Amino acid sequence: MRKVKYAIVGAGTSGLTALGEIRKHTDDFVIINGGHYGTTCARVGCMPSKAMIHSANHYHEAKHFADIGINGAQSLSIDVSSVMTRVRGFRDRFTGGIIGSTTENLGDKRIDGYAKFVGEMILEVNGEQIQAERIILATGSSPVIPAPWKSIGEKLLTSDEIFELETLPKRIAVIGLGVIGLELGQSMARLGCEVTGIEMLETVGALSSPEAIEKAKALFGAEMGLHLGVAAQVMPNPENENEVLIKAGDKEIVVDAVLASLGRRPNLASLDLPAGGISVDERGMPTFDVHSAQIADKSIFIAGDLNGYRQILHEAGDEGRMAVYNAMNFPEISRFERKTALGVAFTDPQIGLVGARMSECDEATTAKAVFHLERNNGRAIVNGTDRGTLVLAANKETKQLLGAELFMADAEHLAHMLAWVIQQKMTVMEVLRLPFYHPVMEEALQSALRNLAKEVYSDEEMGITAELTRLT
């Protein structure tokens, strides 16, 4: 039996973060990975999708060039196969860079295969047993696929397959309109596909505030068919074997392919955690501390998509740091404050979700304010992006900002600013005392903050100098 101090299972963002730190201190480790290398983000997530969105948005914008005095754009055409080739080129560049800088040249410390527990602190991979003093589990996640949908065969796509297509289907249904489904659905519509979006919830892009939801439904509904609040049944079309029949509520929709975007499921089952003496719940999830990454009181740590907490790259990186720090210092365990929740959908307009969700705020203790962009921000007006909504929330007593939902151009940047000030526990007025330039989109945030200030401050507190920092 091979014995090592550290075993890292999974070579995604969390696992590679842990690997980078361990290699600084010791060569007494192994990293075990089944399947592809290169992280979910670089291979099938953040980066290839952004390359596809970039091409789609440029082509879409050209259709409106005449509005700003640029003629001749009507003769432009899109070569979707070239777009997809470019997407894969970027994908290969990013994954190749990650592999080259992390897992190459590790010799027998890199093991390709799927690990499972066969005893306490004992893993088996490819028939070899490995006993480790500390284990970091970071095997990531896989797309959720309902079993009955597999009846349509290769016409069923997920984010794992969509970027491998040489070209795109003429008609496609995107089922699940969270961040990924909405991003890809809109970009495919802009690349010339006939897109139908279906979502069980009465929302898109994980928005929860009614004002932002209504605006998003109207704007996205202008580019693709939307069917919200309905479950989808997927099956081969009995009248044409080359087509897919979808039943959504009382609607029947015929398409050439389906993109299943129902979220991602942690890759837990193949690990056989109970065989390692690890208790799990009905979902197969062990008890762990989100502030330390530790499983129960063991020298085993869980990080990244595998723990299902916040399945997003920057959180996976932080969890990898948490896990490796505590693995290296075990039995001493440190607990770390989690950063303010931050999520962005790179749609048009973009969606930014920051801090507390609007649907989770207690109305008795929370004040909310809404600001609509239409004809209310100079920069947005001249850029033709004066559409969307900002929704902010603050604690009525402390006046501190709690959360925001942004549906607007450049939401990615404003969402970062809001995440920073929320994490600093700043009050509404403290944020208003920061500088806002003119004319910029940030002035929309200033306007929304002023609306929110009226909800949490008295008229006296909202006096003429309230937004100024008094020296004397």
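A residue is called buried when its relative accessible area is under 20%, exposed when it is over 50%, and partly exposed in between, using a 1.4 Å probe and protein chains only. With that in hand, let us walk through the structure. This is a predicted model, in which local features need pLDDT of at least 70 and side-chain atom pairs count only at pLDDT 80 or more, while totals for chains, interfaces and linings use all residues. Residues are numbered from 1 along each chain as its sequence is written, and side-chain values use heavy atoms, with hydrogens and water left out.

Start with the overall picture. The protein chain holds 11 helices and 22 strands; helices (H or I, at least four residues) and strands (E, at least two) are DSSP runs, numbered from the N terminus. The C-alpha trace spans about 75 × 70 × 40 Å along its principal axes. The radius of gyration, taken over C-alpha atoms, can be set against a globule rule of 2.2 Å times the number of residues to the power 0.38. For 472 residues a compact globule would come near 23 Å, and the 25 Å of the protein chain agrees with that.

How much of the chain is hidden? Of its 472 residues, 49% count as buried. The accessible surface comes to about 22,300 Å², and carbon and sulfur atoms make up 50% of that; such areas come from the Shrake-Rupley method with a 1.4 Å probe, and for residues only the protein chains shown count as cover. Contacts, meaning heavy atoms within 4.5 Å, often link distant parts of the sequence: among those between residues at least 6 apart, 66% join residues at least 24 apart.

Now to the strands, where two strands pair if DSSP finds at least two bridges between them. Near the beginning of the chain, β1 (residues 2-9) runs parallel to β6 (residues 128-137), and seven bridges join them. One such pairing sets Ala7 opposite its bridge partner Ile135 in β6. Strand β1 also pairs in the parallel sense with β2 (residues 29-33), over four bridges, and here Tyr6 has Phe29 as its bridge partner.

Another group of strands forms an open sheet of five, in the order β8-β15-β9-β10-β11, with parallel pairing. Its edge strands are β8 (156-157) and β11 (225-228), each of which pairs on one side only. Strand β8 is joined by two bridges to β15 (residues 257-260), and the two run parallel. The bridge partner of Leu157 in β15 is Leu259.

The helices come next. Helix α1 (residues 13-22) is mostly covered, with seven of its 10 residues buried. Among them are Leu16, Leu19 and Ile22. A general point helps here: an α-helix has 3.6 residues a turn, so residues three or four places apart point the same way.

What does His60, in helix α3 (residues 46-62), touch beyond the residues up to four places away in sequence? Its contacts there are Arg190 and Glu223. His60 counts as buried because its relative accessibility is 18%. Helix α5 (residues 179-190) holds Ser187, which is buried with a relative accessible area of 2%. Leaving aside residues up to four places away, Ser187 touches Met52, Ile53 and Ala56.

The loops have details of their own. Between β5 (122-125) and β6 sits Gly127, which counts as exposed because its relative accessibility is 62%. The C-alpha atoms of Gly127 and Gly113 are separated by 9.9 Å, with these positions 14 residues apart along the chain counted as their distance apart.

Met121 lies in the loop between β4 (116-119) and β5. Its phi is near 65°, a positive value in a residue other than glycine, and it is buried at a relative accessible area of 17%. Ala293, in the loop between β16 (264-266) and β17 (300-302), likewise has a positive phi, about 75°. Ala293 counts as buried because its relative accessibility is 4%.

Finally, look at two prolines. The peptide bond from Asp348 to Pro349 is cis, with omega near -5°, and Pro349 lies in the loop between β18 (342-345) and β19 (350-355). A cis bond also joins His438 and Pro439, where omega is about -5°; Pro439 is in the loop between α10 (428-432) and α11 (442-456).
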